[in-house]
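Me: I'm new to this one and would like a close look at a single part of it. Take your time, and explain the terms as you go.

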Amino acid sequence: MEKEDLQIVAFQMISYAGEAVAAYVEALKLFRAGQIEESRKKYELGNENLNLCHTKQMEVIVKESNGENVPYSLVMTHAQDHYSTAYNLQLLCKIFMDKED
């Protein structure tokens, strides 16, 4: 894997994670305002984006696991940080919105 290809994946992850965070924050705001159905839709949108982010991450992990050289990239480290943040926000939504999925 070339560094440029890795950075493209990283920027995709950053974008998906950012969309997930925005959706989760909006879901919490809507939930707090009593707009339960709308908040659940935003939560699901967050999940869709988080899943896309995870899929991109797994593409890289599979390549490295299969012995392909994956270069170090600070941008990928940043993308992993964004993914972790979005994942943690999803967990908080589950707690605050009393979701069991």
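Which helix is the place of V75 in? And what surrounds that part of the chain?

Reply: V75 has its place in helix α3. A word on the ground rules before we go in: this is a predicted model, where local features need pLDDT of at least 70 and side-chain atom pairs count only at pLDDT 80 or more, while totals for chains, interfaces and linings use all residues. Residues are numbered from 1 along each chain as its sequence is written, and side-chain values use heavy atoms, with hydrogens and water left out.

Let's get our bearings. The protein chain has three helices and zero strands, and from the N terminus the order is α-α-α. Helices (H or I, at least four residues) and strands (E, at least two) are DSSP runs, numbered from the N terminus. Along its principal axes, the C-alpha trace spans about 50 × 20 × 15 Å.

Now back to V75. Setting aside residues up to four places away in sequence, V75 touches Q7, A10, F11 and I14, where contact means heavy atoms within 4.5 Å. A10 and I14 are also among the buried residues of α1; buried means under 20% relative accessible area, exposed over 50%, and partly exposed in between, with a 1.4 Å probe and protein chains only. The C-alpha atoms of V75 and I8 are 9.3 Å apart, although their positions lie 67 residues apart along the chain. K3, which sits in helix α1, tells a similar story: its C-alpha is 7.7 Å from that of Y72, 69 residues away along the chain. Leaving out neighbours within four places, K3 is in contact with P71, Y72 and S73. K3 counts as partly exposed because its relative accessibility is 42%. For the chain overall, of the contacts between residues at least 6 apart in sequence, 80% join residues at least 24 apart.

What about α3 itself? Its end C-alpha atoms are 33 Å apart, which agrees with the 33 Å that its 23 residues should span at 1.5 Å a residue; the expected span is 1.5 Å times one less than the number of residues. Its buried residues are M76, A79, Y83, A86, L89, Q90 and C93, and α1 and α2 are among the things covering them.

On the α2 side, the two helices pack at an angle of about 145°, with their axes 10 Å apart. Here axes are lines fitted to C-alpha atoms, for helices over the stretch in contact, and angles run from 0 to 180 degrees between N-to-C directions. The crossing of α2 past α3 is left-handed, which is the name used if the near helix is turned anticlockwise from the far one by less than a right angle (clockwise would be right-handed). Where they meet, α2 brings Y43, N47, L50, C53, H54, Q57 and V60, and α3 brings M76, Q80, Y83, A86, Y87, Q90, C93 and K94. Sorted by type, the residues of this contact are nine nonpolar, five polar and one charged. For that count, Ala, Val, Leu, Ile, Met, Phe, Trp, Tyr, Cys and Pro are nonpolar, Asp, Glu, Lys and Arg are charged, and the others, Gly among them, are polar.

M76, right beside V75 in the numbering, has a part in the core too. The largest nonpolar core has 22 residues, and M13, Y24, V60 and M76 have the most contacts inside it. A nonpolar core is a set of buried Ala, Val, Leu, Ile, Met, Phe, Trp, Tyr and Cys residues joined through side-chain atoms within 4.5 Å. Two or more residues each come from α1 (3-32), α2 (36-65) and α3 (74-96), with α1 giving the most, nine. M13 ties the picture together: beyond its neighbours within four places, it is in contact with C53, K56, Q57, M76, A79, Q80 and Y83.

A last stop is S39, placed in helix α2. S39 counts as buried because its relative accessibility is 0%, and, not counting residues up to four places away, it touches A27, L30, F31 and M97. As for the two partner helices, α1 has 30 residues and reaches 43 Å from first C-alpha to last, while α2 has 30 residues and reaches 42 Å. Just after α1 comes G34, with a positive phi of about 85°, and α2 is followed by G67, with a positive phi near 90°.
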